[in-house]
Amino acid sequence: AEDVKIRVLGFWGNQPQVDDVDRKVWEGLSEQTDGRIQTQYLTLNEAGIKGDQALRFLKRGTFDIMTISVSYVSGDEPSLVAVDLPAIAYDFDTLRQISDSYRGVMAERVKPYNGVFLTHWPFNPQILFCKEQTESLEALGGEKVRVSGAPAADTLEELDATAVDLTGGEVYQALQRGLVDCGTTGSTFGYRNKWHEVTSSLYDLPLGGYSQVIQVANKDFWESLSDEDQKLISSKLSEAEETLWEMAPVVHEQGIRCATGEGECELGGDAGGMTYADVSEEDRTKLDGILKSVIIPRWKESCNASFPECGETFDETIGQVIGIAD
Amino acid sequence: MPLDMRHIVNRVETAIGAVSTAFCLIGGWLLIALSFAICLEVILRKVFSMSLQGIDEYGGYALAVTSALGMAFCFYDHAHIRIDLLVRRLPSPLFRASSFIAIATLGATAWYLTSGAWSVTLESWEFGAFANTPLRTPLYIPQGIWAAGLTIFFVAIVVRLIRIVIAVMSRDYKTLTETLDHQPEDEVVEGVCGVE
Amino acid sequence: MLIALFFISGLLILLFFGLHVASAIVLLAVGADLIVGNGILIDSLGSIAWDRMNEFSLVAIPLFVLLGEILLRGGVADKLYSSLAVWMERWPGGLLHTNTVASTLFAATSGSSVATAATIGTVAIPTLEERGYNKRMTFGSLAAGGTLGVLIPPSILMIVYGTLADISVSELFVAAVIPGLILAGFMSLAIVVVSFFVPSPKAAETRVPLREKIRALREIIPTFVVFFVIMGSIYGGIATPTEAAALGIICALVLVAMNGRLSVAMLHEAFQGAFRTTSMIILIIVSAFCLNFVISILGLPQSASRAISEAGLSPYVLIWLLVLFYLLLGCFLEAVAMMVTTIGIVVPIVVAAGFDPLWFGIFLTTMMELSLITPPVGLNLYVIQNLRPRGSDINDVFIGAVPFMGAFFAFIALIIYFPEIVLWLPGLMEN
Ligand code: NA
Ligand code: NA
């Protein structure tokens with residue numbers, strides 16, 4: 001068979017999903033084929049790009065394989081972010097159902113960008129690290145919260161909290177000095193970046209979604225591959241996809257253990273002493289109301305222009321899973 | 001014939017120069033307005049826990065747009081840094097050739113940026129792209145202004161190159177001296193310019 | 001490693017052909033892309049440029065530059081200088097210290113070295129020449145003092161470093177305060193040492209009465225006000241660095257208005273000055289990102305860091321090699337370009353060797369400062385040269401800067417072996 005060179009764009013480095021799974025899968029291909037397939041794996045940090053123009057890079061064929069955050073690209077293609085709206089799910093089983101129901105839609109929606117849909121997986125719920133005790137939506141009211149993206153900011157507005165947008169590197173300082181009261185991030189990421197040193201309360205509300213990504217191939221590249229190579233890559237990726245779905249709750253749990261100091265911390269460093277609060281049943285009902293009465297309608301409006309059937313499609317897929325009755 | 005062309009080109013260049021200076025002043029007032037808005041935002045946030053929303057978004061656009069609009073002004077002001085220490089010691093014709101190549105290369109750079117900017121803008125238009133912020137600004141608007149700013153930069157360089165070519169053909173040494181010879185302010189633009 | 005050398009030498013060659021810094025970088029990137037990258041950069045250029053130019057954290061650059069311009073044209077700087085002169089003329093080295101101290105204070109309101117050198121230089125050169133000071137020492141102390149503009153916060157180079165390396169700019173600002181003061185102290189020390197060999201002229205016979213001296217101090221107040229507005233709002237959790245710059249501008253407008261110097265014409269001059277700098281630096285940043293994109297697709301940073309880690313250098317050897325590397329590169333390259341094109345490769349290597357990226361930010365800023373006073377390409381040297389009559393010998397400025405390079409090396413050694421100097425204050429803030 002022919003020699004193949006694959007240029008892969010991953011997501012942000014320094015997280016287990018990328019360093020231990022995704023990167024290894026791609027770099028492992030070379031070994032398995034005795035060097036016939038050569039891959040070059042770059043993370044967003046390594047390439048020095050932000051990731052919100054990923055679909056444009058896909059269309060131009062800059063990379064052969066791309067890992068695309070559905071929320072980053074929601075300005076270019078709003079339909080994809082449906083799986084990752086704030087507080088759309090509180091557990092990974094539901095999230096997986098949502099994802100599976102919408103898979104076909106995502107596969108269809110990347111086609112105009114010259115994309116071939118391969119896999120879809122979540123990182124961790126983007127939960128709240130707060131300075132003050134925050135165990136309920138009520139306590140969140142009036143707080144300044146660092147989030148990015150329109151749906152999360154809209155949700156905060158409904159909760160009478162203030163959304164503040166800050167550059168990633170500035171958040172730790174901002175929390176420390178009280179410029180913001182809370183920030184959203186994954187538990188492990190927050191722990192690794194020592195947010196537990198400047199905050200005291202961990203509120204397990206996936207306000208920033210689950211940082212979900214899809215992995216997509218450039219169509220021209222994909223069609224240039226032999227059938228057996230396509231199969232090889234597809235099977236490796238399906239395996240990795242399963243691993244990544246199984247991994248997400250574990251990584252989330254690890255981060256919580258380390259940030260709270262309860263249970264064994266396997267991430268190294270000095271575990272924190274944060275308090276942990278889950279979202280109460282009552283608050284979930286309230287968030288569900290906001291999701292269905294504000295966030296989803298606004299999202300539908302935003303994707304209508306480029307994809308007029310997006311509302312219907314949503315109701316038929318994700319809507320069935322989360323129980324939208326109209 | 002060349003004399004007419006010369007007049008036209010000179011006029012065009014004067015016009016672009018005036019436009020770029022005007023944009024630079026508009027950009028400056030934009031920065032002052034942005035400062036006041038940020039000031040208000042900081043006070044609202046600290047005292048009332050409120051936010052104007054979108055300051056950071058508009059601030060980002062302001063940087064893109066103003067720095068693009070400032071590029072042409074910078075070019076006329078010899079503010080884009082060029083290191084001519086070695087070539088300055090060359091005989092005048094060679095130095096002028098090097099200046100010409102430098103301007104042409106800067107033109108190529110401006111062309112790459114300008115065409116890239118337009119293709120990003122057209123993509124945004126095509127996708128109906130909007131900013132992933134509560135304001136959901138249609139991206140082709142700030143990007144279009146940004147691309148237009150870079151276009152002025154590119155056009156300014158092209159007009160300058162045409163002017164030089166005409167000057168060479170008509171042996172207009174005054175223009176050649178003005179456009180190609182070492183300008184003392186190339187080292188550092190009159191007092192305050194550089195950054196570091 | 002070979003490719004890295006290829007890129008650096010390619011860049012230097014293009015620069016010495018007299019190309020503009022930005023276009024030399026873009027040309028190199030496009031060339032490399034056409035040869036090995038199949039033109040992917042050219043397609044992506046617009047996206048890369050938009051990503052970088054539409055960035056709120058970089059808005060701090062035009063704002064801090066504009067702030068400096070307003071203070072300069074608003075007459076804050078000359079008053080600052082004359083009030084300090086009253087205090088320092090009797091020190092060994094005399095008014096030369098005024099250059100350092102005035103630069104230090106002005107640096108605390110200005111994000112740029114060149115602006116600092118130009119501002120203080122404009123005021124100082126006539127005064128010192130009139131009093132008969134050694135001209136080389138005058139120029140050297142002004143060029144070197146000006147570099148404090150980027151080490152003492154606020155600093156444009158730190159904004160660039162923080163944005164690129166994803167380090168908090170506020171934390172860099174905090175970390176830089178003590179090192180900035182120490183370096184200023186070392187510069188004064190260099191003046192004292194040199195003044196043993198080149199005595200300064202005698203101060204005026206009549207002593208200025210203490211009351212008048214104290215009254216002169218009033219002129220320093222505006223500078224302190226601006227500094228405390230900027231740094232206080234950052235430390236106090238009121239503002240991000242970009243927001244602090246905006247607060248500084250409003251504050252400067254008020255102060256200049258109180259000085260009676262606020263006018264539309266003055267502001268328009270300040271705008272032009274600010275745009276010269278901003279557009280120039282943004283163009284360089286965008287082009288450097290294009291080059292970064294190409295070299296990271298070529299796998300250059302990864303293979304460079306692998307090569308370095310396999311070489312098994314000790315951290316100290318590594319960091320001294322970097323001192324040498326930046327010293328040599330800094331003789332020929334412009335600072336922003338040098339910083340932006342090397343961060344992507346060097347920061348991962350240094351962090352892997354166990355250095356704190358915050359500390360490295362201060363180290364790198366210091367190396368960039370040094371590059372501003374190393375001939376032949378050292379912007380501050382030309383700023384000072386530019387303030388002199390046409391046709392003066394630039395060697396006077398070059399030679400005058402030499403003792404201050406000594407101060408830099410002593411300072412660099414100090415922060416390498418006592419990194420706490422950098423990390424102590426940010427650490428203190430954490431508790
Ligand atoms: Na400064
Ligand atoms: Na230098």
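**Two serines, a helix pair and a core**

Let me start in chain B, where Ser49(B) sits in the loop between helix H1 (2–48) and helix H2 (55–76). I should say at once that what we have here is a predicted model. Ser49(B) is not a glycine, and yet its phi is positive, at about 50 degrees. With a relative accessible area of 24%, Ser49(B) is partly exposed, given that the buried class ends at 20%.

A second serine, in chain A, invites the question of whether it is buried or exposed: what is the class of Ser211(A)? Ser211(A) is buried, its relative accessible area being 17%, and its place is the loop between strand S9 (201–203) and strand S10 (212–218) of chain A. Its phi, near 50 degrees, is again a positive value in a residue other than glycine. As background, most residues other than glycine have a negative phi, and most peptide bonds are trans.

That second point brings me to chain C, in which the peptide bond joining Pro153(C) and Pro154(C) is cis, with omega about -5 degrees. Pro154(C) belongs to the loop between H8 and helix H9 (156–165) of chain C.

Staying with H8, how does this helix pack against H18 of chain C? Helix H8 (residues 135–151) and helix H18 (residues 357–372), both of chain C, pack with their axes 9 Å apart and at an angle of about 150 degrees; since angles over 145 count that way, H8(C) and H18(C) are therefore roughly antiparallel to each other. Their crossing is right-handed. On the H8(C) side the contact is made by Thr147(C), Leu148(C), Val150(C) and Leu151(C), and on the H18(C) side by Ile362(C), Thr365(C), Thr366(C), Glu369(C) and Leu372(C). Sorted by class, the residues of this contact are 5 nonpolar, 3 polar and 1 charged.

Finally, the nonpolar cores. The largest has 326 residues, of which Leu205(A), Trp146(B), Ile70(C), Phe360(C), Phe363(C) and Ile373(C) touch the most other members. Helix H14 (residues 264–297) of chain C supplies the largest share of this core, 21 residues. Apart from it lies another core, of 16 residues, including Val164(A), Leu179(A), Val198(A) and Ile256(A).

To take one of those well-connected residues, which partners does Leu205(A) have once its neighbours within four places in sequence are left aside? Leu205(A) is then in contact with Ala87(A), Tyr90(A), Gln126(A), Ile127(A), Leu128(A), Leu137(A), Leu140(A), Val279(A) and Leu287(A).

Methods:
Residues numbered from 1 in each chain as written. Chains lettered and ligands numbered in written order. Predicted model: local features only at pLDDT ≥ 70, side-chain atom pairs only at ≥ 80, totals over all residues. Heavy atoms only, no water. Axes fitted to C-alpha atoms, helices over the stretch in contact; angles between N-to-C directions. Helix = DSSP H or I, 4+ residues; strand = E, 2+ residues; numbered from the N terminus. Parallel < 35°, antiparallel > 145°, perpendicular 65-115°, else oblique. Left-handed = near helix turned anticlockwise from the far one by under 90°. Contact = heavy atoms within 4.5 Å. Nonpolar A, V, L, I, M, F, W, Y, C, P; charged D, E, K, R; others polar. Core = buried A, V, L, I, M, F, W, Y, C linked by side-chain atoms within 4.5 Å. Buried < 20%, exposed > 50% of the residue type's maximum accessible area, 1.4 Å probe, protein only.
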